[in-house]
Amino acid sequence: MIKKNINRKIKPEPSGEIEFKLPPVKEFTTSNGLKVLFAKKDKLPIVRFLLLVDAGSVYDSGKFGLANLTAMMLDEGAGGLNALQLIDEIDILGSHLNIRSDEDTVYISLQTLKENIERSFEIFSKVIASPHFDEKDFQREKRKALTRIIQRKDNPDEIADTIFELKLYNKENPYAHLPLGYESTVNSITINDIQNYYKNYFSPQNSALIVVGDTNEVEIQNLINKYLGNWKNEPAEHINISPPLRRGSRIIFCHKKNAMQSEIRAGHLASKRNEGNFFARHLLNTILGGQFSSRINLNLREDKGYTYGAFSRFNYFKRQAHFYVSTSVSTENTGNAIEEILNELQKIREGITEQELDFAKSSVIRRFPSNFETYSQVATNLSGRIIFSLPEDYFDTYIDNIKNVTLDDVNREAVREILTEETLIAIVGDKNKAAAQLKNFPNSVFIYVDEEGNEI
Amino acid sequence: MKLLNLDYKKYTLANGLNVILYRDNSLPLVSVNIWYKVGSGNEKKGKTGLAHLFEHMMFQGSENIQKEMHFRFIQEVGGSLNGSTNTDRTNYYEKVPSNFLELVFWLESDRMGFLTSALTEEKLKNQIDVVRNERLERYENQPYGLAWEILSTNLYPENHPYHWPTIGFMQDINYTIEEVENFYRAYYSPANASMVVAGDFGPAAEEMIEKYFGSIESAQVPSQPEFVRVNLEKNIFIEREENVQLARIYLAWHTEPAFGKYDASLEMLADILSGSKNSRLYKNLVFEKEIAQDVTAYQHSGKFGGNFFIIATARPGADLNIIKDEILKELNDIENNGVEERELLRSKNGIKSGFIHSLQNIDALANQMNYYSFYLNEPNSFSYDLNRYESVNSPAIKDAVKEYLTKPYVELRILPQKN
């Protein structure tokens, strides 16, 4: 064999530049007021529909769990088909119908083969426009939700998220609460509450339909006219949400007997999605904790070995936002890990380097095409445009917006958005082994809480 | 179905590296997926978890790549990457913009051929800590997290490759540099690996593969464990109290290896039992009687064996004995009466559209080609595989139940601690 001349010391150069075209997106509004975004993608004979309803748990108004339970009820019988008949038809078509909800939005999605688009869409429409809301089905789903609430107490990561968000936003703010609700609030919900909630929030004007796949505008229009043409409800007025109060540093601790690790969240409130320089914040987080090779993970995992992984993110709700670091560490390193997290937060405020910025920009810009690979990725990207009311050319200008961020922009965001003096730290672990390690943080208020975040 | 017939090219380098190329230019992305024919099944007693720990060491740099730089180079170009270990194999994969394909070949070939000079005590100690934390996070600190380990240690005798968990027993996660090096020399050579390149690439790819991988020397292909069929002589019953809210029951039977005679029938049976709201056990236990919060059945099959599992979580206050009776009654009914046409159709249509949906991701597709190549020696087995399911009928499911699910099983119950 001829020995190939190869110098393994030298990193290979890229072979030219790639060409990537975004799928064109068409937008229109139907006669009954439903906004539609359509991206054609015909590599495979698949069509994906995603209906976003502005009806998340922020509208629970004290009956925590109401939006979630309403969403759970949509496919438990609709348009003359009972719960079992409805899903049997979907399954026979080989389609997927999925419903979920979070703080802001109820998501109803349908994925179907092109050949079964009409019947699949018909059933999808029944779920949206004519759910039965029968008492018997309601009681069954309510019992399921109540059991799910009990099960949450088993998961340290879910407990950590729950207590962190409750204390961060504080009870008066709807974002403080679990979409799933609490035992007492779910128990108080009646079928009338569900019907009213549906009537108030599930309307075409309060929704948007995203379509991705092998179809066309005319077909979509016809399907909507035929199966969703009569869908109407008078949308209720949306409530106002006042911003949560900012507070000083606190540590909250939920004791879990014999826990093998400490689950940690550390963070604070942040600017909303459309406030300030989103792109600079995105690059900032990419450097700090957004991926494997970010500062926080390299420190806590690859250098110290405290954890299997540590990450940070800006979590954007529609009307609020927060920043947090998330990790799970060996119990004996609880204090050490928190110290390193706080060090990293302090350090990033002192500035990043030009190389770090170039790395982050390259990473974000070059990853862009792979965010449009699957049908559901395209739909999810478009749903971000709807939820945060982003401009129509958002994706067309995305790369330029990232390129235009300067070192000063990122450093400014770091000082403005990483607030070491008001960090809330939530820990779920064994207090007998971990609590003593927290004495090193004397400026913080220390509070014990239960699995739902109530002070004890 | 035409969609499922992939036009690929397969060849072997002089050093034995198996290469599979599949072109798809629909997006400017390319995926590289390498399977090494080594998994936790190749480990020895007392040193379990070494294959998985080794997977971590593959990301710690090699002769020409500094620590952390494998991840950094790929993330810098917007790529995604990872590796995973199971009982039968270890895989590594990257997906990058297509103009960076050569970068991936450079990184993968360096660690395939030139890893040992970069191994240090410090890196090893660090990754042992990371893996112990992984075990804590993913198993010990998860509700019911140790169930799999309890099931496999009871299903399989001590010397069987499936006796221990892939992550390894906690007390075993501690290895010397020599053990890590010997493992590398034995299993990480071109002749023991298969590489799929899928996506947007040109004719230069083949030259690049020869350039980067052709000069790596192969060790002798290691011997594999022998296949031994395992049977339980009688039912094994285990009951544990744990820090959980709800009781859960696990039933586990021995079945057969991947692509065995009844493998597909058992997978469809699992779907008919628990795959949808209309499935037998879900409808009975969760929807109608409301004695379970969830129920899952599945056939898990590998190179050295297979198992059928049924798992149900009891509602607060519900009796696991009743849940178990209902499960066995349902199996008995299928053994005697088979399944209905509509049940089969529902399953088959779901599986068929699942095959089409699975073609969306170029990296998932690349991995699937390596999967087929590993178990069937034919990367383009999508149609063959789909046909396995389409040809399942009621008698086949009846026979599968009779053959395997009427035999002794392991029963594990995890109960909330009383206090």
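Domain bounds in this predicted model come from an automatic or database domain assignment.

**Figure 1. Chain B as a whole in the predicted model.**
Chain B contains 14 helices and 11 strands. Its C-alpha trace spans about 60 × 55 × 40 Å along the principal axes. The radius of gyration of chain B is 23 Å, which agrees with the value near 22 Å for a compact globule of 419 residues. Of these 419 residues, 49% count as buried. Among contacts in chain B between residues at least 6 apart in sequence, 79% join residues at least 24 apart.

**Figure 2. The two domains of chain B and the contact between them.**
Domain 1 of chain B covers residues 7–213, and domain 2 of chain B covers residues 236–416. Their centres, taken over C-alpha atoms, are separated by 29 Å. Domain 1 of chain B gives 29 residues to the contact, and domain 2 of chain B gives 26. On the side of domain 1 of chain B that touches domain 2 of chain B, two or more residues come from each of β1 (8–12), β2, β3, β5 (90–97), α5 and β6 of chain B. The largest share of this side, 5 residues, is supplied by α5(B). By class, this side of domain 1 of chain B has 16 nonpolar, 8 polar and 5 charged residues.

**Figure 3. Strand β6 of chain B and the strands joined to it.**
Strand β6 of chain B takes in residues 193–199 and is mostly covered, with 7 of its 7 residues buried. Strand β2 (residues 18–23) of chain B runs parallel to β6(B) and is joined to it by 6 bridges. Within this view, B:Ile20 has B:Val196 in β6(B) as its bridge partner. Strand β3 (residues 29–36) of chain B runs antiparallel to β6(B), and 7 bridges join the two. Here B:Val32 stands opposite B:Val197 of β6(B). The strands β2, β3 and β6 of chain B are also among the elements that give two or more residues to the side of domain 1 of chain B that touches domain 2 of chain B.

**Figure 4. The surroundings of B:Pro161.**
B:Pro161 is found in the loop between α5 (147–155) and α6 (177–187) of chain B. Is B:Pro161 buried or exposed? B:Pro161 counts as buried, because it has 22 C-beta neighbours inside 10 Å and the cut-off for a buried residue is 20 or more. Leaving aside neighbours within four places in sequence, the residues in contact with B:Pro161 are B:Gly41, B:Thr87, B:Pro225 and B:Phe304. B:Leu344 is 183 residues from B:Pro161 along the chain, and the C-alpha atoms of the two are separated by 34 Å.

**Figure 5. An open sheet of chain B and a helix that packs on it.**
The sheet has 5 strands in the order β7-β11-β8-β10-β9 (chain B), and the pairing is mixed. Strands β7 (236–242) and β9 (292–301) of chain B are the edge strands, each pairing on one side only. Direction ignored, neighbouring strands of the sheet are turned by 10° against each other on average. Strand β8 (residues 248–254) of chain B and strand β11 (residues 410–416) of chain B run antiparallel and are joined by 5 bridges. One residue pair here is B:Arg248 with its bridge partner B:Ile414 in β11(B). Helix α9 (residues 280–288) of chain B packs on the sheet, where it touches β9 and β10 (306–314) of chain B. The direction of α9 of chain B makes about 160° with that of β9(B).

**Figure 6. The two domains of chain A and the contact between them.**
In chain A, domain 1 runs over 25–228 and domain 2 over 250–449. The C-alpha centres of these two domains of chain A lie 29 Å apart. The contact involves 26 residues of domain 1 of chain A and 26 residues of domain 2 of chain A. On the side of domain 1 of chain A that touches domain 2 of chain A, at least two residues are supplied by each of β2 (35–40), β3 (46–53), α5 (156–169) and β6 (207–213) of chain A. The largest share of this side, 9 residues, comes from α5(A). The residues of this side of domain 1 of chain A divide into 16 nonpolar, 3 polar and 7 charged.

Methods
Residues are numbered from 1 along each chain as its sequence is written. Chains are lettered from A and ligands numbered from 1 in the order in which they are written. This is a predicted model: local features need pLDDT of at least 70, side-chain atom pairs count only at pLDDT 80 or more; totals for chains, interfaces and linings use all residues. Two residues are in contact if their C-beta atoms, placed from the backbone, lie within 7 Å. Helices (H or I, at least four residues) and strands (E, at least two) are DSSP runs, numbered from the N terminus. Ala, Val, Leu, Ile, Met, Phe, Trp, Tyr, Cys and Pro count as nonpolar, Asp, Glu, Lys and Arg as charged, and the others, Gly among them, as polar. A residue is buried if 20 or more other C-beta atoms lie within 10 Å of its own, exposed if 12 or fewer, and partly exposed in between; C-beta atoms are placed from the backbone. Two strands pair if DSSP finds at least two bridges between them. Axes are lines fitted to C-alpha atoms, for helices over the stretch in contact, and angles run from 0 to 180 degrees between N-to-C directions. The radius of gyration is taken over C-alpha atoms; the globule rule is 2.2 Å times the number of residues to the power 0.38.
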